[in-house]
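Here are a few exercises to work through with the viewer open. Try each task before you read the solution under it.

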Amino acid sequence: MNQMEWNLRKDICEVARRLYAAGFMTGSDGNLSTILGPDEVLVTPSRLCKGFLTPEQIVKIDRQGNQLAGDYPPTVEVAMHLAAYEERPDICSVAHCHPPILVAFTVAGLHLPSSILPEVEVMFGGRIPMAPYATPGSPDLANSIRESIRKPENSVVLLDHHGLLAVGRDIYQSAIRVEHAEAA
C-alpha cells in the first residue's frame, strides 16, 4: 500500500469519527467513500461502528463494486456511492449518514424551505433536493439519487425517510456539507 492510499484511509477514519461524534452515524450506520484511482474506490466496511474504524478496516473496491482488498464486506450501500461517481465525474468523495433533524423532516412529510438560511443559499444553491424513498442497500436507492446528484449545484441530496448523501472533492468537503445541511 502506498502513502497516498494510507493517507486516504486515515482521512476516511477521521471523518467517520467526527460524524459519529456529531451523532450523524450511530452504531454501524452510515458510510463513506473516496476515489483512490481510475478504477479503485475506498469505502467503509459493513457492520462496524464508524466511530472506531482503523485504516486497515477500510475496503477497496473497483468501479463495479467488486471487492479488491479488505477483511470485511463493503457497505451494502456501495451502489449509491458508485452511482454518485458515475453521475458526477467532478467529485472524489461521498458521505452518507443519518443526521437526525434532516431525517425527522422527511418522516414528518416536510421539505426544507428554499433559501431559508444564507448557508443554504451559498452552499446548496438555495435548496436541498429530496430523493424518493427506496429500500436501503437496494439498486432503487442508487437510482433514486441520480437525477438530483447529476446537477452540479446539488452537492447534497436528502433521502426520504433515510438520511443524507453529500459529495465533494475530498472526504472532508463531503462531511462539511453534511454538517451545514443538518445545521440549516
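The exercises below deal with a predicted model, and each one comes with a worked solution.

**Exercise 1. Work out the strand order of the open sheet, and find which strands stand at its edges.**

Step 1: Go across the sheet and write down the eight strands as you meet them: E4-E3-E2-E1-E5-E8-E7-E6, with mixed pairing.

Step 2: Look at the two ends of that list. Strand E4 (67–69) and strand E6 (130–131) each have a single partner strand, so one side of each has no neighbour in the sheet.

**Exercise 2. Describe how E1 pairs with E2, then find the helix that packs on this part of the sheet.**

Step 1: Take strand E1 (residues 31–37) and strand E2 (residues 40–43). They run antiparallel and are joined by four bridges.

Step 2: Pick out a facing pair: Gly37 sits opposite Glu40 in E2.

Step 3: Now add the helix. H1 (residues 3–21) packs on the sheet and touches E1, E2 and strand E3 (59–61). The direction of H1 makes about 165 degrees with that of E1.

Step 4: For a second helix on the sheet, go to H5 (residues 139–149), which lies across E6, strand E7 (156–159) and strand E8 (163–168). H5 runs at about 140 degrees to E7.

**Exercise 3. Classify the packing of H1 against H6 and list the residues that make the contact.**

Step 1: Get the geometry. The axes of H1 and helix H6 (residues 171–183) come within 10 Å and cross at roughly 15 degrees.

Step 2: Angles under 35 degrees count as roughly parallel, and that makes H1 roughly parallel to H6. The crossing is right-handed.

Step 3: List the players. H1 brings Asp11, Ile12, Glu14, Val15, Arg18 and Leu19, while H6 brings Ile171, Tyr172, Ala175 and Val178.

Step 4: Sort them by class: seven nonpolar, no polar and three charged residues.

**Exercise 4. Do the same for H2 and H5.**

Step 1: The axes of helix H2 (residues 78–87) and H5 come within 8 Å, crossing at roughly 25 degrees.

Step 2: H2 and H5 are therefore roughly parallel to each other, and their crossing is right-handed.

Step 3: On the H2 side you'll find Ala79, Met80, Ala83, Ala84, Glu86 and Glu87; they meet Leu141, Ala142, Ile145, Arg146 and Ile149 in H5.

Step 4: By class, that comes to eight nonpolar, no polar and three charged residues.

**Exercise 5. Track down the aromatic pair and say which parts of the chain it ties together.**

Step 1: Searching the whole structure turns up one aromatic pair.

Step 2: The partners are Tyr20 and Phe52, edge-to-face, at 5.4 Å centre to centre with 65 degrees between the planes.

Step 3: Place them. Tyr20 is in helix H1 and Phe52 is in the loop between E2 and E3, so the pair links parts 32 residues apart in sequence.

Technical notes: Residues are numbered from 1 along each chain as its sequence is written. This is a predicted model: local features need pLDDT of at least 70, side-chain atom pairs count only at pLDDT 80 or more; totals for chains, interfaces and linings use all residues. Side-chain values use heavy atoms; hydrogens and water are left out. Two strands pair if DSSP finds at least two bridges between them. Helices (H or I, at least four residues) and strands (E, at least two) are DSSP runs, numbered from the N terminus. Contact means heavy atoms within 4.5 Å. Axes are lines fitted to C-alpha atoms, for helices over the stretch in contact, and angles run from 0 to 180 degrees between N-to-C directions. Angles under 35 degrees count as roughly parallel, over 145 as roughly antiparallel, 65 to 115 as roughly perpendicular and the rest as oblique. A crossing is left-handed if the near helix is turned anticlockwise from the far one by less than a right angle, and right-handed if clockwise. Ala, Val, Leu, Ile, Met, Phe, Trp, Tyr, Cys and Pro count as nonpolar, Asp, Glu, Lys and Arg as charged, and the others, Gly among them, as polar. Rings of Phe, Tyr and Trp (its six-membered ring) pair if their centres lie within 6.5 Å; planes under 30 degrees apart count as stacked, over 60 as edge-to-face and the rest as tilted.
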